[in-house]
Amino acid sequence: MLSVGTVAPSFALPDQNGQTHALEDYRGRKVVLYFYSRDNTAGCTRQACAFGELYPQFAQKGAVVLGVSKDSIASHKKFGEKYALPFPLLADPELSAIRAYDVWQEKTMYGKKTMGVVRTTYLIDEQGVIAHAFGRVKAAENAQQMLDCL
């Protein structure tokens, strides 16, 4: 996980509609950048829906919410439409941002070690610096946690 005070790594990734989003596009605004493992899993769905429910409050505070996983654009499109998510879901199948933000790590599930995305959320300030970093977040509580940081 990257440390608070670190300049956030640049990225340019497509969303569920094929539109590219670069971190630089949001200079001057706070960015909630959350990394999750997969569309349509129980925890990831709870997390996305919580961000969706609180999205108007994030917007009121001038913050942008961006979700990132290694899923495809098509997968994100179905996931976003199914739950009416009002924010971009960025596709990173090449793991470029996932690795740059140090969230691709060894995980243990049912005694088996695998590599995967560790649920992590960063708050990036208006100058592109990491203001808060939370690793291994609880899916249902993460959106409120990030709203409280604003």
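Q: Which residues of H2 are buried in this predicted model, and within what arc do they fall when seen down the helix axis?
A: In this predicted model, helix H2 has His76, Phe79 and Gly80 as buried residues. An α-helix has 3.6 residues a turn, so residues three or four places apart point the same way. The buried residues of H2 line one face of the helix, because, seen down its axis, they fall within an arc of 95°.

Q: Which residues are exposed on the other side of H2, and against which elements do its buried residues pack?
A: On the side of H2 away from its buried residues, the exposed positions are Lys78, Glu81 and Lys82. The buried residues of H2, in turn, make their packing contacts with H1, S4 and S5.

Q: Where does Ala84 lie, is Ala84 buried or exposed, and what is its phi?
A: Ala84 is found in the loop that runs between H2 and S5, and it counts as exposed because its relative accessibility is 62%. Most residues other than glycine have a negative phi. Ala84, although a residue other than glycine, has a positive phi, near 50°.

Q: Is Leu95 buried or exposed, and what is its phi?
A: Leu95 sits in the loop between S5 and helix H3 (96-100). With a relative accessible area of 9%, Leu95 falls under the 20% cut-off and is therefore buried. Its phi is positive in a residue other than glycine, with a value near 65°.

Q: How many of the residues of strand S4 are buried?
A: Along S4, Ala63, Val65, Gly67 and Ser69 point one way while Val64, Leu66 and Val68 point the other way, and all of them are buried. Strand S4 (residues 63-69) is therefore largely enclosed by the rest of the structure, the count of buried residues being seven of seven.

Q: How many bridges join S3 to S4, and what is the hand of the crossover between them?
A: Strand S3 (residues 30-35) and S4 run parallel and are joined by six bridges, with Lys30 standing opposite Ala63 and Val32 opposite Val65. From S3 the chain passes through helix H1 (residues 42-60) to reach S4, and this β-α-β crossover is right-handed.

Q: Which residue of S5 stands opposite Val68?
A: S4 also pairs with strand S5 (residues 89-91), the two running parallel and being joined by three bridges. Within this pairing, the residue of S5 that stands opposite Val68 is Leu90.

Q: Which residue of S8 is the bridge partner of Tyr34?
A: S3 is mostly covered, with five of its six residues buried. Five bridges join S3 to strand S8 (residues 120-124), and these two strands run antiparallel. The bridge partner of Tyr34 in S8 is Thr121.

Q: Where does H1 bend, and by about how much?
A: H1 has 19 residues and spans 28 Å from its first C-alpha to its last, which is close to the 27 Å expected at 1.5 Å a residue. The helix nevertheless has a bend at Leu54, with a proline, Pro56, following within four residues, and the angle is about 55°.

Q: Against which elements do the buried residues of H1 pack?
A: The buried residues of H1 include Gly43, Cys44, Ala48, Phe51, Leu54 and Phe58. The elements against which the buried residues of H1 pack are S3, S4, helix H2 (73-82), S8 and helix H4 (142-149).

Q: Which residue with a positive phi follows H1?
A: The phi in question is near 75°, and the residue that has it after H1 is Gly62.

Definitions and conventions
Residues are numbered from 1 along each chain as its sequence is written. This is a predicted model: local features need pLDDT of at least 70, side-chain atom pairs count only at pLDDT 80 or more; totals for chains, interfaces and linings use all residues. Side-chain values use heavy atoms; hydrogens and water are left out. Buried means under 20% relative accessible area, exposed over 50%, partly exposed in between (1.4 Å probe, protein chains only). Two strands pair if DSSP finds at least two bridges between them. A crossover is right-handed if, with the strands pointing away from the viewer, the path from the first strand over the helix to the second runs clockwise. The expected span of a helix is 1.5 Å times one less than its number of residues. The bend at a residue is the angle between axes fitted to the seven residues ending there and the seven starting there. Contact means heavy atoms within 4.5 Å. The arc is that of the directions from the helix axis to the C-beta atoms.
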